Amino acid sequence: MDFKKKIIIPDGHKPPTTRRDFLKYGIIPFAGYVIAPNFLTQILFKNIALAADVSGACGGVAGTGYMPFLVFDISTGKTLLEKNADTIVPVASLTKLMTAIVAHEVVYLARSITVTDAMLAGLPNPNSVPVSAEGQLPQPVSSHFYPKVGTQYVGLDLLYPLLVQSSNASAKALAGFTGEGTFVRNMNAKAASLAMADSRFADTSGISAGNTATAHDIAKLLQYIYFKRPFLFDIGKGMTVENVGFIKVGDTIDIKNLKNFNEFVDEPDLVGVKNGETTAARQTMATVWNIHTASGTVPVAIVVLGSEYRKQAT
């Protein structure tokens, strides 16, 4: 589809091709028409819907031909664009957004926890490369945080590798404050309180295919964080502070030097981001953006599930 045939594009501007491009250029779709408060002329809703069909080239849920996605106005709760947004699918490490919420609301994060072998059972150290054919021992690679058995970590510090690097070990350690079973029950209770009726959590990391939700439910989670726990978005972008209340940040983890594995973190209009990937879930992405329109800035969530190319789809 040549968008230049349908939209007036000023010289020097790249034609929009993704949902985020349309939103960036100020196109806000509603029921049957489009408001273009910036430089674009009015176009038919059926034409902007073609932007959604980009998802067809990005993988998707078996049997549907399309990945679930949702573009959602955080401030009003209105859906702007969607496809299969009520399809229940595994969400991978988007689960960690709920882990972070429950950790903050249930655990006193100034406390420390000692990491045990049991916490790390089944979680390989991502800093080690496989043994070579010559039998050489694995060599450490320092890009990932991986806790040391017997070491104490402050709960608040553990939120940083959880959200910046999607650390499964951090998720396990945070669950250790209450016990994994109790922690996961609190995650499901919180989902119920947010009316995330189609969401189920099976662990704190998102490894299990039993961590499932719809794009609409993930949008509700993003909306809650935006209004009630915005500092979690700041952590995910890698923003650091010296103190949170009376809690000194970074005493037990070098949070300032954690490599950020989230996409878009250098984009000035990004509010929050979390990604994920497992075999069952494929690639997942949840982002919130400040979209600038003639009438003001609008916070917009974009949720992509079951994708092969989450960054391009967003």
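Two strands pair if DSSP finds at least two bridges between them. Keep that rule in hand for the sheet. The model is predicted.

**Stop 1: confidence**

Colour the protein chain by pLDDT. The average is 81, and 74% of the residues score at least 70. Now select residues 1–10. Here the pLDDT is below 50, yet the stretch has 21 contacts in the model beyond near neighbours in sequence. Select residues 131–135 next. Their pLDDT is also below 50, and this stretch has two contacts beyond near neighbours in sequence. Where pLDDT is low, the predicted coordinates should not be read in detail.

**Stop 2: the β3–β13 pair**

Select residues 69–73, strand β3, and residues 296–307, strand β13. Five bridges join the two strands, which run antiparallel. Centre on Leu 70. Opposite Leu 70, in β13, stands Val 303.

**Stop 3: the hairpin**

Stay on β3 and add β4. Four bridges hold this pair in the antiparallel sense. Pick Phe 69: its bridge partner in β4 is Lys 83. Then follow the turn. Five residues lie between β3 and β4 in this hairpin. Stop at Gly 77 in the turn, where phi is positive, about 80 degrees.

**Stop 4: the whole sheet**

Show the strands together. The sheet is open, has five strands and follows the order β4-β3-β13-β12-β11, with antiparallel pairing. Which strands stand at the edges? They are β4 (79–83) and β11 (270–278). Each has a single partner strand, so one side of each is left without a neighbour in the sheet. Look along the sheet for its twist, which averages 10 degrees from one strand to the next.

Now add residues 215–228, helix α8, which packs on the sheet. Helix α8 touches β3, β4, β11, β12 (282–293) and β13. The direction of α8 makes about 140 degrees with that of β13.

**Stop 5: α3 against α5**

Hide the sheet. Select residues 95–106 for α3 and residues 155–164 for α5. Their packing angle is about 165 degrees, and the axes are 10 Å apart. An angle over 145 degrees counts as roughly antiparallel, so α3 and α5 are roughly antiparallel to each other. Their crossing is left-handed.

Show side chains at the contact. From α3 come Lys 96, Leu 97, Thr 99, Ala 100 and Ala 103; from α5 come Leu 159, Leu 162 and Leu 163. By class, the α3–α5 contact has six nonpolar residues, one polar and one charged.

**Stop 6: α3 against α7**

Keep α3 and swap its partner for α7, residues 180–193. How far apart are the axes of α3 and α7? The distance is 9 Å, and the helices pack at about 100 degrees. That makes α3 roughly perpendicular to α7.

On the α3 side, the contact includes Met 98, Ile 101, Val 102 and Glu 105. On the α7 side are Phe 183, Asn 186, Met 187, Lys 190 and Ala 191. The α3–α7 contact has eight nonpolar, three polar and two charged residues.

**Stop 7: α5 against α6**

Return to α5 and add α6, residues 168–175. These helices pack at about 150 degrees, with axes 8 Å apart. They are therefore roughly antiparallel to each other. The α5–α6 crossing is left-handed.

Select Gly 155, Leu 158, Leu 159, Pro 161 and Leu 162 of α5, then Ser 170, Ala 171, Ala 173 and Leu 174 of α6; these make the contact. The α5–α6 contact has seven nonpolar residues, two polar and no charged.

Methods: Residues numbered from 1 in each chain as written. Heavy atoms only, no water. Axes fitted to C-alpha atoms, helices over the stretch in contact; angles between N-to-C directions. Parallel < 35°, antiparallel > 145°, perpendicular 65-115°, else oblique. Left-handed = near helix turned anticlockwise from the far one by under 90°. Contact = heavy atoms within 4.5 Å. Nonpolar A, V, L, I, M, F, W, Y, C, P; charged D, E, K, R; others polar. pLDDT = per-residue confidence, 0-100.
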